[in-house]
Amino acid sequence: MAIGTDEWLEQVQEEILEPALPICDPHHHLWDHPDSRYLLDELLADTGSGHNVVSTVFVECASMYRADGDVAMRPVGETEFVNGVAAMSASGQYGETRACLGIVSYADLTLGAAVGDVLDAHMRVSDRFKGIRHAAGWDASPDVRNSHTDPIEHLYLDSTFREGFAELGKRGL
């Protein structure tokens, strides 16, 4: 029988060694699905364990994409969503931790130079937007799950992908 999340987390109790040391949690997600949610309250419960987590960085998880419009622009909805959570945190109403101080979203770099429009849209939505994650995990075996971006083999060597990647540098991302 599988154990619940609380029971799983309670298996290890960590001693707080340096409670004053400021920490940035560099990778977390946020989502709200019918059977599972992880939003600001849950994040703050996890970061409020006694460590001095002063800020966090959100990393894309394909949550809250726009339902309509240009498919390439739909991931901008995730930046809009996370920026709203970040604004809630920045109000100070939820404590000292500044959640989502940095936002790493998704843009399809296989669009080549055309991905620049998507990156610009992310940047217009939030000054917290710092870059993108484009997962490239791939294996020929059907027994191995490939990345959620459905990459081709050797994605990072693809000339169109690299053209899209160059758009990041042009924007200081």
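Which residues have the most contacts inside the largest nonpolar core? In this predicted model, select Leu 30, Phe 58, Phe 81, Val 82, Val 85 and Cys 100, which have the most contacts within that core of 14 residues. Then colour α2 (40-47), α3 (76-90) and β5 (98-105), each of which supplies at least two residues of this core, with α3 giving the most, namely four residues. In soluble globular proteins, nonpolar side chains tend to be buried together.

Stay with this core and centre the view on Val 85, which, once neighbours within four places in sequence are set aside, is in contact with Leu 30, Leu 40 and Cys 100. Apart from this core lies another, of 13 residues, and to find it you can select Met 73, Val 76, Ala 107 and Val 118, which are among its members.

Move next to strand β4 (residues 52-59), where Val 59 is found. Val 59 counts as buried because its relative accessible area is 7%, under the 20% cut-off. Show the residues around Val 59: leaving out those up to four places away in sequence, it touches Pro 26, His 27, His 28, His 29, Val 104 and Arg 133. A distance drawn from the C-alpha atom of Val 59 to that of Ile 132, 73 residues away along the chain, should read 8.2 Å.

Finish at helix α5 (residues 159-170), which contains Gly 164, a buried residue with a relative accessible area of 0%. Beyond residues up to four places away in sequence, Gly 164 touches Leu 109, Gly 112, Ala 113 and Val 115. Gly 164 and Leu 109 are 55 residues apart in sequence, yet their C-alpha atoms are 4.5 Å apart in space.

Terms used:
Residues are numbered from 1 along each chain as its sequence is written. This is a predicted model: local features need pLDDT of at least 70, side-chain atom pairs count only at pLDDT 80 or more; totals for chains, interfaces and linings use all residues. Side-chain values use heavy atoms; hydrogens and water are left out. Buried means under 20% relative accessible area, exposed over 50%, partly exposed in between (1.4 Å probe, protein chains only). Contact means heavy atoms within 4.5 Å. A nonpolar core is a set of buried Ala, Val, Leu, Ile, Met, Phe, Trp, Tyr and Cys residues joined through side-chain atoms within 4.5 Å.
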